[in-house]
Amino acid sequence: MEILSGLNLKEFEALTEKLGASKFRARQIHNWIYLKSVKEIDEMTDLSVKFREQLKEVAKVTDTKIKVKQTSSDGTIKYLLEYPDGECVETVLMRFDNRANLTACVSSQVGCAVNCSFCATGKRGFIRNLNYKEIIEQVLTIQRDTGLKVTNIVFMGQGEPLLNLENVLKAMKIFNEDFQIGARRLTVSTSGIIPQINKLAQLDMQSTLALSLHASNHETRAKLMQIENKYPMDELHKALKNYTDKTGRRITIEYLLIKDLNDTAQSAKELAQYLKDIKCNINLIPYNPTEKNDYQRPSNNSIMKFKYLMEHSGKKVTVRLERGADIDAACGQLRGKIK
Ligand code: SAH
Ligand code: SF4
């Protein structure tokens, strides 16, 4: 059985040719899959009944199942998806009331090998990479289930996207060309895999790179993220500088705020110094509680104070709104399990 989700136009054409139909049918099926996100071949109403029957014999829309769907009081929806081999990942849909944007937060791997101390995904260890079709299935599931079209995609679910770069880049190409989502509306977030950041610089990626920095000095970062020992901040600085110089694009620096650990005035000062010559915006992420660690979220007052200090350095600073915490859908809370 051919799975229609994930095929590109050329592959649809090969399929329709095999069935003795014209290329035009391929374009129709393509639009039904990516733009109208049908659940069944029978919903492709501009294809003849006879052709639909033929198509149903050799193909189906998807082989991915929604195992659990949870809706948060703020409207965020979290799906636990199950792939044919039984592995599960989450994908999250966020709506922001005052905007028409619908942002999908997608996973790139089952589990994650990077194992940051504050993240529930890391606690699971690494299970496997998702292939590009499994990545785009997440967005298609959202579109099929809600009947809405996703406008923005962030690779901030389970996994380290730059350790599965080939599939992530293929998925991004399909998001861009087949889903017709502009490259600027795609964001890849990384814990800082230096060789791959250099590769993205070389490829002149048109999408946004987000870097999970989370600390202002080596000692603190090493405590939070063991990857700091492999790819330390001073090396990272060179890679970021090279990236912004080469691409001309502004990166997003993600900075987790943990009470008394990295939210002090001294941290803000160090961070400003570190980012002085890097073209970037700063996104502060107040820590979301997960099991098995004693980190705490700072008070709103400390968060605002830190923001104020960083703004003084001349950067644009935003605080990430917490979405879906009541259903464990917020950053760092995804672990591929039913509660
Ligand atoms: N692996 C990639 C992308 C997925 S995580 C990365 O680490 O960048 C998406 C963001 O959520 C990252 O910035 C990550 O550090 C952050 N995050 C992880 N655990 C968190 C937690 N408990 N509270 C808030 N943010 C968290
Ligand atoms: Fe992996 Fe990102 Fe979680 Fe770190 S924060 S363990 S890199 S998913």
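Is Lys 69 buried, partly exposed or exposed, and what is its relative accessibility? In this predicted model, Lys 69 counts as partly exposed because its relative accessibility is 42%, a value that falls between the limits of 20% for buried and 50% for exposed residues. Lys 69 forms a salt bridge with Asp 145, in which the closest N and O atoms are 2.8 Å apart. Since Lys 69 belongs to strand E3 (residues 65-71) and Asp 145 to helix H5 (residues 132-146), the pair ties together parts that are 76 residues apart in sequence. Asp 145 likewise counts as partly exposed, because its relative accessibility is 26%.

The structure holds 13 salt bridges, and two further examples are found within helices. In helix H6 (residues 165-177), Glu 177 forms a salt bridge with Lys 173, with 3.6 Å between the closest N and O atoms. Because these two residues are four positions apart in H6, Glu 177 and Lys 173 are separated by about one helical turn. Glu 177 has a relative accessible area of 49% and is therefore classed as partly exposed, the upper limit of that class being 50%. Elsewhere, salt bridges that share partners join Asp 42, Arg 52, Glu 53 and Lys 56 into one network. Within this network, the side chains of Glu 53 and Lys 56 meet in a salt bridge with an N to O distance of 3.3 Å. Glu 53 and Lys 56 both lie in helix H3 (residues 49-58), where three residues, or about one turn of the helix, set them apart. Glu 53 is partly exposed, at 37% relative accessibility, and Lys 56 is also partly exposed, with a relative accessible area of 29%.

Strand pairing was examined around E13 (residues 280-286), which has parallel partners in both E12 and E14. Strand E12 (residues 251-257) is joined to E13 by seven bridges, and the two strands run parallel; in one of these pairings, Leu 257 has Pro 286 of E13 as its bridge partner. Together with helix H11 (residues 265-275), E12 and E13 make a right-handed β-α-β unit. E13 also pairs with strand E14 (residues 316-319), again in the parallel sense, over four bridges, and Val 317 in E14 is the bridge partner of Ile 282. Between E13 and E14 the chain passes through helix H12 (residues 300-311), and this β-α-β crossover is right-handed. E13 itself is mostly covered, in that six of its seven residues are buried.

Two residues other than glycine adopt positive phi values, and their surroundings can be described in turn. Ser 37 has a phi near 50° and is found in the loop between helix H2 (23-34) and H3. At a relative accessibility of 6%, Ser 37 counts as buried, as this value is under the limit of 20%. For Asp 260, phi is near 60°, and the residue is placed in the loop between E12 and H11, that is, within the connection of the right-handed β-α-β unit formed by E12, H11 and E13. In contrast to the buried Ser 37, Asp 260 is exposed, with 61% relative accessibility.

The model also contains ligands, and the surroundings of ligand 1 and ligand 2 are considered here. Ligand 1 is surrounded by 20 residues, of which the closest are Gly 159, Ser 189, Ser 212, His 214 and Asn 288. Contacts to ligand 1 involve both backbone and side-chain atoms of the protein. A nitrogen atom of ligand 1 lies 2.9 Å from a polar backbone atom of Gly 159, and a backbone N or O atom of Phe 118 is found 3.0 Å from a nitrogen atom of the ligand. From the side chain of Ser 212, an N or O atom lies 2.6 Å from an oxygen atom of ligand 1.

The residues around ligand 2 are Cys 112, Val 114, Asn 115, Cys 116, Phe 118, Cys 119, Gly 122, Gly 159 and Ser 191. By class, this shell divides into five nonpolar and four polar residues, with no charged residue. Phe 118 and Gly 159 appear in the surroundings of ligand 2, and each also provides a backbone atom for a polar contact with ligand 1, at 3.0 Å for Phe 118 and at 2.9 Å for Gly 159.

How values were computed. Residues are numbered from 1 along each chain as its sequence is written. Chains are lettered from A and ligands numbered from 1 in the order in which they are written. This is a predicted model: local features need pLDDT of at least 70, side-chain atom pairs count only at pLDDT 80 or more; totals for chains, interfaces and linings use all residues. Side-chain values use heavy atoms; hydrogens and water are left out. A residue is near a molecule or strand if one of its heavy atoms lies within 4 Å of it. Ala, Val, Leu, Ile, Met, Phe, Trp, Tyr, Cys and Pro count as nonpolar, Asp, Glu, Lys and Arg as charged, and the others, Gly among them, as polar. Two strands pair if DSSP finds at least two bridges between them. A crossover is right-handed if, with the strands pointing away from the viewer, the path from the first strand over the helix to the second runs clockwise. A salt bridge is a side-chain nitrogen of Lys or Arg within 4 Å of a carboxyl oxygen of Asp or Glu. Buried means under 20% relative accessible area, exposed over 50%, partly exposed in between (1.4 Å probe, protein chains only). A polar contact is a pair of N or O atoms within 3.5 Å; within protein, one must be able to donate a hydrogen and the other to accept it, and residues adjacent in sequence count only if both atoms are side-chain atoms.
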